Amino acid sequence: MPGSLIKISEATGTGSAAELKVTGIDSTYEVYYATMLILPSTDDKDVGLRVTKSGTAQTDSKYNAADVGLREGASFADYDTQDQATMYLFSALGTTGAEMMMAQVYLFNFADSSEYSYITYRTCALNKTPELIGYTGSLFHEVASASDGISLALESADNFSTSSKIVLYGLAK
């Protein structure tokens with residue numbers, strides 16, 4: 001439907017920032033959607049996601065997830081984790097443009113202070129091997145309070161390249 005994606009905010013890597021964050025989620029929309037293109041500045045880095053509350057990434061150990069890894073060089077793999085301090089969307093990203101991670105995430109219950117913030121996601125990229133890998137799954141932050149955005153950070157506080165970008169949209173009915 002034309003006009004159903006309403007841009008809320010975006011963040012672009014600077015080459016010297018260790019966090020990419022988008023905020024602006026409120027009760028205006030029931031569902032939010034984000035697209036991501038991620039490229040680290042250093043080879044072999046994992047990409048972690050956290051929710052934000054009042055603009056600050058939540059670092060508690062309340063993240064739970066399950067996903068399926070679709071791998072070019074191996075059979076499918078099921079993953080699940082509980083009580084983590086961050087949720088990894090992808091691992092072992094490289095530094096060339098071909099190794100850029102692309103992701104789509106849907107954000108549910110973020111403005112509801114009596115529900116957990118819930119995310120479904122799809123990611124794909126060539127890792128540093130290179131091997132084509134995709135993940136599809138869901139995660140939730142096991143804290144019943146409103147969240148206002150998402151934050152991405154790379155392993156070892158690496159910086160996001162200037163090719164990295166997150167765009168947050170509201171989904172209009």
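The following questions and answers introduce the fold, the strand pairing, the largest pocket and two loop residues of a predicted model.

Student: On what basis are residues numbered and values taken here?

Tutor: Residues are numbered from 1 along each chain as its sequence is written, and side-chain values use heavy atoms, with hydrogens and water left out. Because the model is predicted, local features need pLDDT of at least 70 and side-chain atom pairs count only at pLDDT 80 or more, while totals for chains, interfaces and linings use all residues.

Student: How many helices and strands does the protein have?

Tutor: Helices (H or I, at least four residues) and strands (E, at least two) are DSSP runs, numbered from the N terminus. From the N terminus on, every element in the series is a β element. The count is therefore zero helices and 13 strands.

Student: What does the radius of gyration say about the protein, and what is its value?

Tutor: The radius of gyration is taken over C-alpha atoms, and the globule rule is 2.2 Å times the number of residues to the power 0.38. For 173 residues that rule gives 16 Å, and the protein comes close to it, so it is as compact as a globular protein of that length. The C-alpha atoms fill a box of roughly 40 × 35 × 30 Å along the principal axes. The radius of gyration is 15 Å.

Student: In what order do the eight strands of the open sheet stand?

Tutor: Two strands pair if DSSP finds at least two bridges between them. The pairing in this sheet is antiparallel; β1 (5-12) and β7 (77-84) are the edge strands, each pairing on one side only. The twist averages 15° from one strand to the next, with axes being lines fitted to C-alpha atoms (for helices over the stretch in contact) and angles running from 0 to 180 degrees between N-to-C directions. The order is β1-β13-β3-β9-β10-β11-β6-β7.

Student: Which residue of β13 is the bridge partner of Ile 6?

Tutor: β1 pairs with strand β13 (residues 165-171) in the antiparallel sense, over seven bridges. Within β13, the partner of Ile 6 is Gly 170.

Student: How many residues of strand β11 are buried?

Tutor: Buried means under 20% relative accessible area, exposed over 50%, and partly exposed in between (1.4 Å probe, protein chains only). Strand β11 (residues 132-141) is joined to β6 (residues 63-71) by nine bridges and to β10 (residues 117-126) by ten, and five residues separate β10 from β11 in a hairpin. Strand β11 is largely enclosed by the rest of the structure, because the buried residues number seven of ten.

Student: Which residue of β12 stands opposite Thr 52?

Tutor: Thr 52 belongs to a strand, β4 (residues 45-53), that is largely enclosed, since eight of its nine residues are buried. β4 runs antiparallel to β12, with six bridges between them, and also pairs antiparallel with β8 over four bridges. In β5, Thr 52 faces Ala 57; in β12, the residue opposite is Gly 149.

Student: Which strand gives the most to the lining of the largest pocket?

Tutor: On a 1 Å grid over the protein atoms alone, a pocket is an open set of points with protein on both sides within 12 Å along at least five of seven lines, where a 1.4 Å probe fits, and lining residues have an atom within 4 Å of a point. The volume of the largest pocket is about 250 Å³, and among the 15 residues lining it, Asp 67, Tyr 79, Thr 81, Tyr 88 and Tyr 135 are the closest to its centre. β6, β7 and β8 (87-93) each supply at least two lining residues. With five residues, the strand that gives the most is β8.

Student: Is Ser 156 buried or exposed?

Tutor: Ser 156 sits in the loop between β12 (149-154) and β13, and has a positive phi of about 60° although it is not a glycine. Most residues other than glycine have a negative phi. At 59% relative accessibility, Ser 156 counts as exposed.

Student: What is the phi of Ala 157?

Tutor: Ala 157 also lies in the loop between β12 and β13, and its 57% relative accessibility makes it exposed. Its phi is positive in a residue other than glycine, near 55°.

How values were computed. Points joined across faces, edges and corners; volume = space filled by probe spheres on them.
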